[in-house]
Amino acid sequence: MCEILATTLLKYSEGLTKLLPTIGCIGTYILCYFFFGKAVTKIHLGIAYATWCGVGIVATTLISYFVFRERLNAQIVIGILFITVGCVILNLKQ
């Protein structure tokens, strides 16, 4: 959740030019790495990182669509489906 919030705040910071969203973005990225560091003590690094990236990409794409009204096309939707399937397969092999 921290990574998704940080990425969303990055958009609101408008290239790190707005102070409050920039501070929030940096702070949540720090929290994100703190929690990720804790997670990899119990989860294999490759699986944890792939899941983190996959969930982040899917959630950020949905936020981009619903909050920022950015367009999605068939290629993006297919890519999101592949990412989701890949994350599920990785977690089944754990």
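## Starting with exposure

A residue is called buried when its relative accessible area is under 20%, exposed when that area is over 50%, and partly exposed in between. E70 has a relative accessible area of 31%, so E70 is partly exposed. Please keep in mind as you explore that this is a predicted model.

## Two salt bridges

How many salt bridges does a search of the whole structure find? The search finds 2. In one of them, the side chains of E70 and K11 meet at 3.2 Å, N to O. K11 belongs to helix 1, while E70 sits in the loop between helix 3 and helix 4, so this pair ties together parts that are 59 residues apart in sequence. Like E70, which is partly exposed, K11 is partly exposed, with a relative accessible area of 43%.

A salt bridge also joins the side chains of K18 and E14, at 3.9 Å from N to O. K18 is partly exposed, at 40% relative accessibility. E14 comes just after helix 1 and takes a positive phi of about 50°.

## Helix 1 and its cover

Helix 1 spans residues 2–12. Its buried residues are C2, E3, I4, A6, T7, T8 and L9, and their cover includes helix 2 and helix 3.

T7 is a good residue to look at more closely. Is T7 buried or exposed? With a relative accessibility of 18%, T7 falls under the 20% limit and therefore counts as buried. Beyond its neighbours within four places in sequence, T7 is in contact with Y29 and T60. The side chains of T7 and Y29 also share a polar contact of 3.1 Å.

## The nonpolar core

In soluble globular proteins, nonpolar side chains tend to be buried together. Here, the largest nonpolar core has 5 residues: C2, C32, F36, A48 and W52. Helix 2 (19–39) and helix 3 each supply at least two residues of this core.

Which residues does A48 touch, not counting those up to four places away in sequence? A48 touches F36, V40 and I43.

## A nonpolar patch on the surface

Now turn to the outside of the model. Y12, L62, Y65, F66, V67, L72, I76, V77 and L81 make a nonpolar surface patch of about 800 Å². Helix 3 (45–66) and helix 4 (74–92) are the elements that give two or more residues to this patch. One member of the patch is L62, which lies in helix 3. L62 has 42% relative accessibility, so L62 counts as partly exposed.

Methods:
Residues numbered from 1 in each chain as written. Predicted model: local features only at pLDDT ≥ 70, side-chain atom pairs only at ≥ 80, totals over all residues. Heavy atoms only, no water. Helix = DSSP H or I, 4+ residues; strand = E, 2+ residues; numbered from the N terminus. Buried < 20%, exposed > 50% of the residue type's maximum accessible area, 1.4 Å probe, protein only. Polar contact = N/O pair within 3.5 Å; in protein donor to acceptor, adjacent residues only side chain to side chain. Contact = heavy atoms within 4.5 Å. Patch = residues over 30% accessible without salt bridge, like charges linked within 9 Å, V, L, I, M, F, W, Y side chains within 5 Å. Areas by Shrake-Rupley, 256 points an atom, 1.4 Å probe, with all protein chains shown as cover. Salt bridge = Lys/Arg side-chain N within 4 Å of Asp/Glu carboxyl O. Core = buried A, V, L, I, M, F, W, Y, C linked by side-chain atoms within 4.5 Å.
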